[in-house]
Amino acid sequence: MEPRPSPPAPPTPAVPLGALLADRELGLRHLAGPAGAEVRGVHASEMADPSPYLLGGELLLTAGAGAETGLDPEADPDGYVARLVAAGAAALGFGVAPVHEEVPPALAEACARHGLPLLEVPPRTRFTAVARAVWRLMAEARTRELRRVTEAQQALAAAAARPDPVPAVLSRLAASLGGWAALLAPESGPPAAADAPAAPDEPAVGVVRAAGAGIGAGIGAGIGAGIGAGIGTGVGVGEEVLGAVRGLARRVAGGAAATATDSAGGTHLAVYAVGGGRMLALATPARAPGDHTIASIAAVLLTLLTAERPAGTEAAALTRLLLGGSPAEALGPGPWYAVRAAGAGDPQALAAALGTVLLDPDGAAVRLLTDREPAPQPGWRLGVSAPAGPDALAGADAQARRALDRAEATRTPMARHTRPGLAGLVGEAEARAHAAALLGPLSPALRETLRAWLAHHGSWDRSAAALGVHRNTVRQRIARTAALLDRDLDDPDTRMELWFALTRTPQA
């Protein structure tokens, strides 16, 4: 048996500033500005303006080496601190040796004025020790997140094996994320909803107290026709949250996105498409790095559990998934053809003519899966995929959809997918739209750096030479890119997706 694949690795969490202050070995002392911040890196510089070299989230370390840095006790460091804040620095650490015997009071005043945390680094503490502490804490946090994701995956799989699996998966998901989860469905099929129990003193904003009492009714009432109604009481759900969920659900239901996120009233919201017009809605008081991975696992399970399949197929597919195999193996080796059909005839008769019972009436079109070579059928226009194995059915369905579009445009009874290669799996318009959405958070400079870095297979030196910048600049930009995209750039799947998106995006 093939080993069960590991869950996708969540991005590395930030380090709370308080964790560094609590490290007695470092001996850092908080002097000014807020005491809380999220540190995502460390950078040391004595430049008068290090802001061009900051990606955001750094603890900047400096010893104020000379008046030219703007940190001389007799100079006004207000502009220096303002530039750091504008660049997104998380905090400033000032070493009191060997240049200054104490932190300049003007610097402390500027940090307090601009809201930048200021730390005193004692003479015995090397800047490298601070950096190592940050990387260590980040590694420990990442290990905890990986463990949490793995445990959540196992718990969700166990919930999916229960006699009433959909509510069980929703309840387990809500407990794992510390919020609530609801399955939104078309009006003909009310969704299920679930939420995690909360402590008596926990704020009621967007969080339902008792397990089994969900927000579904509140969501259903607020979203309106076409999205669906839910079960539960709607406890603790304000109009602001309902409005945000309404917008997310419309985006996903309309096909504009497979996933959409937002925040409202201090609550983090997310909606995932799970097939058949259904959507998974989530609300949590916080958003941890591994939450998206956990929610994605739940969305896959809910897709399997709620899909319309012949009797026994979903059970076989789910059993294979829980045992570490591929759900598609329940269909047999194939080859299989995905078919999209448009017409006014009887879908069941069409399925019988194509020799299959695998039928999904999907709105205006009909989706079918058959192991026989399809032929044109009277009264229908068909789009047919290339032959595919059981593990490539999602791509085959996309091929069939584009083939049907071509058949409709050319008024032919049947069109087949013919374009080979990766580009053929996604239509050009969809590819450009996906690229624009995926790369949207990146500036032109970050896109250019990412393109060069991927083209040179992650080589810092060759990327820097191609861009005409220092290798540390490449490192900083790639780290910033990973943070903005919330992706692990060491993952080959992520690199492939980003390269595909970059090739569909014009160069600056």
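This report walks through a sheet, two nonpolar cores, a helix pair and a few single residues in a predicted model.

## Ground rules

Because the model is predicted, local features need pLDDT of at least 70 and side-chain atom pairs count only at pLDDT 80 or more, while totals for chains, interfaces and linings use all residues. Residues are numbered from 1 along each chain as its sequence is written, and side-chain values use heavy atoms, with hydrogens and water left out.

## The five-stranded sheet

Let's start with the open sheet: 5 strands run in the order β2-β7-β6-β5-β4, with mixed pairing. (Strands here are DSSP runs of E, at least two residues; helices are runs of H or I, at least four residues; both are numbered from the N terminus. Two strands pair if DSSP finds at least two bridges between them.) The edges belong to β2 (29-32) and β4, each with a single partner strand, so one side of each has no neighbour in the sheet. From one strand to the next, the twist averages 30°. Helix α4 packs on this sheet and touches β4, β5, β6 and β7 (118-121); its direction makes about 165° with that of β4. (Touching, or contact, means heavy atoms within 4.5 Å. Axes are lines fitted to C-alpha atoms, for helices over the stretch in contact, and angles run from 0 to 180 degrees between N-to-C directions.)

Now for strand β5 (residues 58-62), where 5 of 5 residues are buried. (Buried means under 20% relative accessible area, exposed over 50%, and partly exposed in between, using a 1.4 Å probe and protein chains only.) Both of its faces are covered, with E58, L60 and T62 on one side and L59 and L61 on the other. Strand β5 pairs in the parallel sense with β4 (residues 41-44) over 4 bridges, and also in the parallel sense with β6 (residues 91-95) over 4 bridges. On the β4 side, H43 has L60 as its bridge partner and V42 stands opposite L59; on the β6 side, T62 stands opposite F94. Edge strand β4 has one covered face, G41 and H43, and one uncovered face, V42 and A44.

## Two nonpolar cores

The largest nonpolar core has 26 residues, and L156, L173, L280, L282 and L302 touch the most other members. (A nonpolar core is a set of buried Ala, Val, Leu, Ile, Met, Phe, Trp, Tyr and Cys residues joined through side-chain atoms within 4.5 Å.) Two or more residues come from each of α4 (127-160), α5 (165-177), β8 (180-184), β11 (267-275), β12 (278-284) and α8 (291-306). Apart from this core lies another one of 19 residues, including L438, L439, L442 and L489. In soluble globular proteins, nonpolar side chains tend to be buried together.

Which residues does L156 touch, not counting those up to four places away in sequence? They are V169, R172, L173, I294, I297, A298 and L301.

## T259 in β10

T259 sits in strand β10 (residues 259-264) and counts as partly exposed because its relative accessibility is 31%. Beyond its neighbours within four places in sequence, T259 contacts V252, V271, Y272 and H292. T259 and L280 are 21 residues apart in sequence, with 9.4 Å from C-alpha to C-alpha.

## Helices α13 and α15

These two helices pack at an angle of about 105°, with their axes 9 Å apart. That makes α13 roughly perpendicular to α15, a label for angles of 65 to 115 degrees (under 35 is roughly parallel, over 145 roughly antiparallel, and the rest oblique). Helix α13 brings A445, L446, T449, L450 and W453 to the contact, and α15 brings V474, R477, I478, R480, T481 and L484. By type, the residues of this contact split into 7 nonpolar, 2 polar and 2 charged. (Ala, Val, Leu, Ile, Met, Phe, Trp, Tyr, Cys and Pro count as nonpolar, Asp, Glu, Lys and Arg as charged, and the others, Gly among them, as polar.)

## Two positive phi values

Most residues other than glycine have a negative phi. H457 has a positive phi, near 55°; H457 lies in the loop between α13 (444-455) and α14 (460-467) and is exposed, at 65% relative accessible area. D486 also has a positive phi near 55°. The loop between α15 (471-485) and α16 (492-503) holds D486, which is partly exposed at 42%.
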